[in-house]
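Reader: Hi! I'm new to this, so could you pick a single part and walk me through it slowly?

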Amino acid sequence: MSTPAISTFATPLPSGPVVLKVGDEMPRSAFGPVSRTDIVRHAGAGGDFHPLHHDELYAKEAGFPGVFAMGLMQAGMLGNRLARWVGPDNIRAFSVRFTSQVWPGDELEFAGHVESITETDGEHRATISLTVLRRTGDPVITATATAAIAPPKESS
Amino acid sequence: MIHPSIVGMELGEVRFPIERSKLAELARAYGDDDPAWHDAAAAATAGFTTLPLPPTATILGDHWRPGGILALAEQIGADPARLLHGEASWELLAPIEPGEQLTARQRVESVKTREGKRGGTMTIVTLLTEFTNDNGTPVVRRRDALIESGVPS
């Protein structure tokens, strides 16, 4: 049974900074199988009407097996899941590298963990590594993010 | 063929709103049905004073560029059928209030070439887009690396 296209997340969206420590992992989530409808829905939402992403004939003439998702679809999904973890107002930077195309039928998994914690501009900030993986194992995105976090609790 | 002389080229300016219905569409496109992304009461229940934004929200400005991505490809002299997205990044500099208008100014920051794995020379164009609010405050700095794949010889 495939994952429904629209998911309900168990925890509310954090409105303030959350407590994180090095090694903490983003709650795992999945999306898919990706359909052509998902790709078109993102085109409508985000405004990318490049025919490579919805016109099968154009994509084949350009030498691709068919249409594929615009990278900003899976990047946006990853950013959404990052926001669900650290709180949308706390993200200071988000940077993605597209390593492979996402095709209809792909099932995506989102993962991330805290690499390090620093104090910058008067804020405690976490540096986070993130990936979007195809369920078959290869990454389609590698990403990094910086997020403001709650000050660590005193460990007395 | 993308020419290195386009470095510094201004790619235009658009002014666009950050609005609730587009935020709802984005949340759906991201596979998240939490009403806190688009419903003020649900957002308030979650503890927000205004609607929260995903880090990629400024992609909504792409809708407002006349001719969209194909016009951009033409502006930078790229073959759209060989143009792929390599990287994207967002520096989130200041809060954005849903309902406000943003101005996005885009220009070519750099052009580099590299030998492609499948033959031919790839060209990597980095675009810088600076978003400011109506007070002139920079709110987001976005970079996109676009890759024009080479033609195998």
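Author: Let's take a close look at helix 3 of chain B, and then at the domains of that chain. This is a predicted model, where local features need pLDDT of at least 70, side-chain atom pairs count only at pLDDT 80 or more, and totals for chains, interfaces and linings use all residues. Residues are numbered from 1 along each chain as its sequence is written, while chains are lettered from A and ligands numbered from 1 in the order in which they are written.

Helix 3 of chain B spans residues 68–76 (helices, H or I with at least four residues, and strands, E with at least two, are DSSP runs numbered from the N terminus). B:Ile69, B:Leu72 and B:Ala73 are buried there (20 or more other C-beta atoms within 10 Å of a residue's own, with C-beta atoms placed from the backbone). They sit on the same side of helix 3 of chain B, because their arc around the axis is only 100 degrees (taken from the directions from the helix axis to the C-beta atoms). An α-helix has 3.6 residues a turn, so residues three or four places apart point the same way. Strand 1 (10–17) and strand 2 (83–92) of chain B are among what covers those buried residues. After the helix comes B:Gly77, with a positive phi near 75 degrees.

Now zoom out: chain B is assigned domain 1 (4–18 + 55–148) and domain 2 (20–52), with bounds from an automatic or database domain assignment. Their centres, taken over C-alpha atoms, are 26 Å apart. Four residues of domain 1 of chain B are in contact with six of domain 2 of chain B (C-beta atoms, placed from the backbone, within 7 Å).

Technical notes:
A residue is buried if 20 or more other C-beta atoms lie within 10 Å of its own, exposed if 12 or fewer, and partly exposed in between; C-beta atoms are placed from the backbone. Two residues are in contact if their C-beta atoms, placed from the backbone, lie within 7 Å.
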